[in-house]
Amino acid sequence: MTDSDFAKYMSAMAHGDRESLRFIYDEYLKLIFAVVYDTIGQREEAEDVTSEFFIKMYSVAASYRPGNGHKRWMVTIAKNMAVDRVRKLGREALVDEIPESPDNSRGSHEDEIVNKVTVQQAVKTLKPDEREVLDLKTVGGFTFREISEMTSRPMGTVTWLYGEAIKKLRRCRL
């Protein structure tokens with residue numbers, strides 16, 4: 001979506017057009033979720049903040065000023081909302097809950113817990129830039145070219161960051 005298309009949709013939303021929100025939602029859901037999930041680290045909370053983001057976008061549509069890159073504008077808002085959620089919850093990082101087994105005991109999930117903790121520890125070894133690119137690629141499903149455009153980094157840098165993240169994760173023997 002171009003900046004001018006985005007501006008048209010925002011203008012239409014400012015005048016009550018909900019269908020314009022649907023176009024933006026369909027185009028940017030993966031991006032916003034990836035950004036929020038990268039900040040929060042917990043799927044359910046990230047889903048909630050992502051939903052709240054699009055509700056907020058609809059309510060602030062009239063205040064949007066085109067010209068500075070709509071993706072960067074959206075990412076900034078999404079990151080701020082995610083940071084606010086983390087602060088509200090009073091923790092630095094959230095951990096996904098392990099589902100309980102049918103007999104309501106968690107003992108049968110020991111392997112799942114160990115694997116999840118190991119993954120979380122491995123991801124914590126990544127630099128923020130590496131984690132961002134990894135999340136946009138794996139969670140967001142974006143191509144390296146799209147990530148390059150979204151983050152305003154050369155594509156070579158994006159692929160290098162991704163490669164470094166993968167190497168670090170492999171060293172943790174995941």
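Here is a short viewer tour of one bent helix, a pocket beside it and two buried charged side chains. The stops rest on these points.

**Before you start.** The model is predicted, so local features were kept only at pLDDT of at least 70 and side-chain atom pairs only at pLDDT 80 or more, while totals for chains, interfaces and linings use all residues. Numbering runs from 1 along each chain as its sequence is written, and side-chain values use heavy atoms, leaving out hydrogens and water.

**Stop 1: helix H2.** Select residues 18–40, which form H2. Helices here are DSSP runs (H or I, at least four residues), numbered from the N terminus. How far apart are the end C-alpha atoms of H2? They span only 28 Å, whereas a straight helix of 23 residues would span 33 Å; that expected span is 1.5 Å times one less than the number of residues.

Now pick tyrosine 28, where H2 bends by about 60°. The bend is the angle between axes fitted to the seven residues ending there and the seven starting there. Tyr28 is also among the buried residues of H2, along with Ile24, Leu31 and Ile32. Buried means under 20% relative accessible area, exposed over 50%, and partly exposed in between (1.4 Å probe, protein chains only).

Then look at the two ends. Aspartate 17 caps the N-terminal end, with a side-chain oxygen 3.1 Å from the backbone nitrogen of glutamate 19. Just after H2, glycine 41 takes a positive phi of about 80°.

**Stop 2: the second largest pocket.** Select Glu27, Tyr28, Lys71, Phe142 and Glu146, which lie nearest the centre of this pocket, out of 12 lining residues. Which element supplies the largest share of the lining? H2 does, with 4 residues, and helix H7 (144–151) gives at least two. By type, the lining divides into 5 nonpolar, 2 polar and 5 charged residues.

**Stop 3: two charged side chains.** Go to lysine 168 in helix H8 (residues 155–171). Buried or exposed? Lysine 168 counts as buried because its relative accessibility is 17%. Its side chain makes a polar contact of 2.9 Å with the side chain of glutamate 130. A polar contact is a pair of N or O atoms within 3.5 Å; within protein, one must be able to donate a hydrogen and the other to accept it, and residues adjacent in sequence count only if both atoms are side-chain atoms.

Last, select arginine 85 in helix H4 (residues 70–89). Arginine 85 is buried, at 10% relative accessible area, and its side chain has a polar contact of 2.6 Å with that of glutamate 52.

Notes:
1 Å grid on protein atoms, 1.4 Å probe; cavity = no way out; pocket = protein on both sides within 12 Å on 5 of 7 lines; lining within 4 Å. Nonpolar A, V, L, I, M, F, W, Y, C, P; charged D, E, K, R; others polar.
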